[in-house]
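User: I've got this model loaded and would like to talk through how it packs. Can you take my questions one at a time?

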Amino acid sequence: MMGEQRATTARGGKPARQSRKSHLKRTGTTRCLLQWVESAINIPESRTPQIVPKPVFRMTVEFSITQSMITIKVQNFCSQILILRSIYLYYETSKRVVLFGGVLRMVPGYEFAMEKEIHEKEDRSYHVVFLSDLLGTPYRLRETVMIHLLSPRKARGPPLTLSKLPVFPVPEYVQEVYLYGFLENPHYSRNASLWLERLKAYRAKQLNADNLTDYLRSLDQIDEFDSHLQMLRYTVENGTLEERLPKEYVLTIDQFKVPPVLLEVGSHVQVNCGVIGRNSGPTIVRGTIVERSSIILIETETPLKTLRSLKIEFPLNRLQYKLEYTALVHMSRLDFSSILFPKIESAKPTTPAKTFNDAVITEFDWFQSCIAENEQQTQAIKNIVNRTAYPAPYILFGPPGTGKTCTIVEAVLQIWKMRPKSRILVTATSNYACNELAKRLLKYVTVNDLFRYFSQTSQRDINGMDLKVVQVSNMHYGIYETPAMQDFVQTRILVCTVMTSGRLLQLGVDRSMYDYIFIDECGSCRELSALVPIGCVGTDTTNNRLQASVVLAGDPLQLGPVTRMPYLRDTPHNAPVFHQQFYDAELRAKGDPTITHWAVNWHHLPNRKLPMLFHSVVGFMQQDSISLSYWNVQEAQLVYQYVQILMKEEINGQIVRQEDIGIVTPYSKQVEFIKNGLSTLGLDNIEVGSVDQYQGREKPVIIISAVRSNRTTVGFLADPRRLNVALTRAQALTIVIGNPENLMRNVTWYNFLKMMKQNRAITGISFNLTKRHLVPVEEGGGETMDGLDFA
């Protein structure tokens, strides 16, 4: 042990939160990453601790690099009064430091702060254990949190300022036609009539080089106005809030006129408090949603002066639309016929484009050994590096597990190595995919050559991110900061989401800076969203040419973009089963048998030669009145049973860890229900997610809960891409749980069940597979938007 406790402060009041960016950088202090490990209550008459499904304390931890001083702020985040007894920091299992010892009464919301000098470990990770009693009970709470110290780099320069984007209002004539349902009307204004006539002509001709800009802009305007009206429906006219913590307020769901299914964490909030004083106007306070469950938790910029008779609005976040409109403006003078609609006969895949002065590269030393053995991948990389498709994009198409991400990573590495003067922008639709790409690149690229640019909203997810990725990002101090120009100029590889790439235009980054633009996950990205990095970063508006070579990667047979409005579903706005069903039997198994075959002969398999099973069950699907999402208790119980079997038994001599198991289910309420159940079993490290969240990812074992039961249709499970994604996430073992009587009504699921029957891979209740109730094309069964995972 070393050092003494410097200062201990406790506040029963409710301190205001302020920005810490300048303080952190000025004092050489970093915000630490936190990982909640476990919370459990010891009950005297029980030998087994009772698991608590979520953290009891809210923590922030900072570390002073110059003084080796750790500062911990702890807040009682539960509704019980706690008596804090001890706080320990563990270097190792048996080596610890006492951070606090005594008696401290903590009412809900009470905050305790202390600091301590510590030794720096090589891995810079520590466990902190809190011991406290529940007032008036014999129960003792033990909570464990892992903290990770960051190693921030030296700031490269002063932060830039984001310039404002143009407003791009939705024209009144678009609103007029929308409100009349896109039908002919003699009372339309002239502009409305002309616009509707153009729109119908575009739909008839489909997307082409001549109408691309105006057609996509019109469709985006329709989508934006529809979203705006949807958000207006959630306005609470005479609302009441309950203060939980300083600037944090609870809004109960029963105050909404309609279920707020589109509201999510990060949604904007505007609270109109009315006239507070005689000489003042209405007081408007802005905020965001920070928690979305059975209640909505709102964090405001300033404290509210009243909690009653409030008008609470949820303005649409227009940033995505503004960036898409901006991209179209910059691309409007390009020759789309050669960029987005190239003719096949004009393509010369073996001849490098003459636009560039770079020498043709023919000899390559591969970074990844798996690439060297695949002729198609090596040829694709050679063509990408030599820009043979320019100005048309180079397209990487591949089913699950065929190495799209590996090919992207290798291509970026080869450009980094062989084109030392080139810079590369690597984008994807999700932060997860971007972090995965950055993590793989950092195995070979020096940390000074890669910059991961996060949006400000990403800060709320920082605790779940990879340390190495965070430390090469604009959150290297543990908190968001606007990048410096040197972050782009002094690095050669930039990784960010397709939307965040549009911010480079606002930051004043030279649009000739990046020579290559990679866009991963194109299959799940709207066409207009994919144009943001191309239009905002890769377009030279001075010379009306595409500056960068573009590479698109994805699989259109996996999940596509979600479009809420029926009118837009069969338009370019919404554009970009298993083996034979999905890929015409063209897939060939190429996985490493030591990975793909280790579950073969598992004694729980109905067919021991096939590491897949369908467990048939007749459950009962229930709908949540708040989110309109569904859950199925009987299927969840089977999930728990299989998880416990896997954790207790070895499979062919191999131990199954929690991290090896992934649970996929299409409904957010089932995700929540299963997570809570696993937590009570002490299995918090098993990842549970929706089909959308698992796209592009794999686990050795995947358990799928279909949820659908006691319905005449399969709802949005009818989308074959959803089943394709779900069934291709497992590396070694797939367990599907569902109601066959319901699922067989859909042709895709019918074919899947038929395949499982033919391979004798079914367990559970017996059933007869019949086409009697088969519904090839579903009309949705009259259900609300339950399938869009907005809940």
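User: Which residue in β22 is the bridge partner of F451?

Analyst: Quick housekeeping: this is a predicted model, where local features need pLDDT of at least 70, side-chain atom pairs count only at pLDDT 80 or more, and totals for chains, interfaces and linings use all residues. Numbering starts from 1 along each chain as its sequence is written, and side-chain values use heavy atoms, leaving out hydrogens and water. Strands here are DSSP E runs of at least two residues and helices are H or I runs of at least four, numbered from the N terminus; β21 and β22 (residues 493-497) pair in the parallel sense over three bridges, where pairing takes at least two DSSP bridges. Across that pairing, the partner of F451 in β22 is L494.

User: Which are the edge strands of the sheet?

Analyst: The sheet is open, with six strands in the order β19-β26-β23-β20-β22-β21 and parallel pairing. An edge strand pairs on one side only, and that description fits β19 (394-397) and β21 (450-452).

User: What angle does the direction of helix α10 make with that of β22?

Analyst: Helix α10 (residues 431-441) packs on the sheet and touches β20 (424-428), β21 and β22. Axes are lines fitted to C-alpha atoms, for helices over the stretch in contact, with angles from 0 to 180 degrees between N-to-C directions. By that convention, α10 and β22 make about 160 degrees.

User: Which helix gives the most to the largest nonpolar core?

Analyst: Such a core is a set of buried Ala, Val, Leu, Ile, Met, Phe, Trp, Tyr and Cys residues joined through side-chain atoms within 4.5 Å. The largest has 99 residues, and those with the most contacts inside it are I222, F488, I493 and F518. With eight residues, the top contributor is helix α9 (residues 404-418).

User: Is N474 buried or exposed?

Analyst: N474 sits in the loop between α11 (467-470) and α12 (485-489), and its side chain reaches the backbone nitrogen of F454 at 2.7 Å. Buried means under 20% relative accessible area, exposed over 50%, partly exposed in between (1.4 Å probe, protein chains only). N474 has 1% relative accessibility, so it counts as buried.

User: What separates the C-alpha atoms of G157 and A484?

Analyst: G157 lies in the loop between β11 (140-148) and α2 (172-179). Not counting residues up to four places away in sequence, G157 touches A484 and Q486, contact meaning heavy atoms within 4.5 Å. G157 and A484 are 327 residues apart along the chain, and their C-alpha atoms are separated by 5.3 Å.

Note on methods: Polar contact = N/O pair within 3.5 Å; in protein donor to acceptor, adjacent residues only side chain to side chain.
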